[in-house]
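This report covers backbone outliers in two loops and one helix pairing. Please look at the model before reading on.

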Amino acid sequence: EICPLFSSSWTGSLIWDCTHSLIHYFTLHSDLIPSVTLELGSGSGLLSLATASLSHSQKHSKYTTHHIITDQPSLIPLITRNIEHNQCKFDHNKTFFCVESLIWNKDQVKRVLEKYQTQLKQGLLVIVSECLSGIYGGSDIVMSLVDSIVMALEYVDECEGNGKAVVGYLRRNDKNEEMFMTLLKMNENVHVEVVDRNEIQSEYDIVIVMISLWKSTLE
């Protein structure tokens, strides 16, 4: 159950079609969800709630999981309300939610993840849904997002865990998407894989990109 949409921060409270596609993808590939998840640009919190539900009901049912849900300060009350409203569906001793204000940059990502150094040894999944739209900004936003994703993966690597990021968006064939892929591929330490369209359930042209460090990919 999600709080009313279309608040003053409507871009963060709208449930994009891409989010539904990502939830369906994780339903089929719940093995991708480790003990710690970090959502960048969460909006309503729905995607994190869904991944938490999948990790709770699947292989992690015996283990503690941590779900870090982040967005700009104006959306924190909405996310917090949604988490509190749905928390009764989870085992409070095994599933933990943390809602954090986070503006995309390396320092902010490191600040959030430093609290989970021990848990990160078991792995990290970074999830991002529909954050490349031009309504959020241009090149500065894209560079900040890429920097944040790569920092998260590098930090979990420092903690001796394996990290992966899954980014979904509606294909618009605009400069933001092109720049996003270009910046990732320019980083020689990053491995990028685009999920086969046949694995994505949507009537729209949804793109799902898997991102990891080469070290994590080879292990």
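Glu 160 is exposed, because its relative accessible area of 65% lies over the 50% cut-off. The model is a predicted one. Glu 160 sits in the loop between α6 and β5 (163-170). Its phi is near 70°, a positive value in a residue other than glycine.

Glu 130 also has a positive phi, near 50°, and is likewise not a glycine. Its loop runs between β4 (124-129) and α6. Is Glu 130 buried or exposed? Glu 130 is buried, because its relative accessible area of 2% is under the 20% cut-off.

The values for both residues are set out here.

| Residue | Phi | Relative accessible area | Loop |
|---|---|---|---|
| Glu 130 | near 50° | 2% | between β4 and α6 |
| Glu 160 | near 70° | 65% | between α6 and β5 |

Helix α6 borders both loops. It spans residues 139-158 and meets helix α5, residues 106-113. The two axes come within 8 Å. They cross at roughly 40°, and the crossing is right-handed.

Which residues make the contact? From α5 come Lys 106, Val 109, Lys 110 and Leu 113. From α6 come Asp 147, Ser 148, Met 151, Ala 152 and Tyr 155. Five of the contact residues are nonpolar, one is polar and three are charged. Val 109, Leu 113, Met 151, Ala 152 and Tyr 155 are the nonpolar set. Ser 148 is the polar one. Lys 106, Lys 110 and Asp 147 carry the charged label.

Key: Residues are numbered from 1 along each chain as its sequence is written. This is a predicted model: local features need pLDDT of at least 70, side-chain atom pairs count only at pLDDT 80 or more; totals for chains, interfaces and linings use all residues. Side-chain values use heavy atoms; hydrogens and water are left out. Axes are lines fitted to C-alpha atoms, for helices over the stretch in contact, and angles run from 0 to 180 degrees between N-to-C directions. Helices (H or I, at least four residues) and strands (E, at least two) are DSSP runs, numbered from the N terminus. A crossing is left-handed if the near helix is turned anticlockwise from the far one by less than a right angle, and right-handed if clockwise. Contact means heavy atoms within 4.5 Å. Buried means under 20% relative accessible area, exposed over 50%, partly exposed in between (1.4 Å probe, protein chains only).
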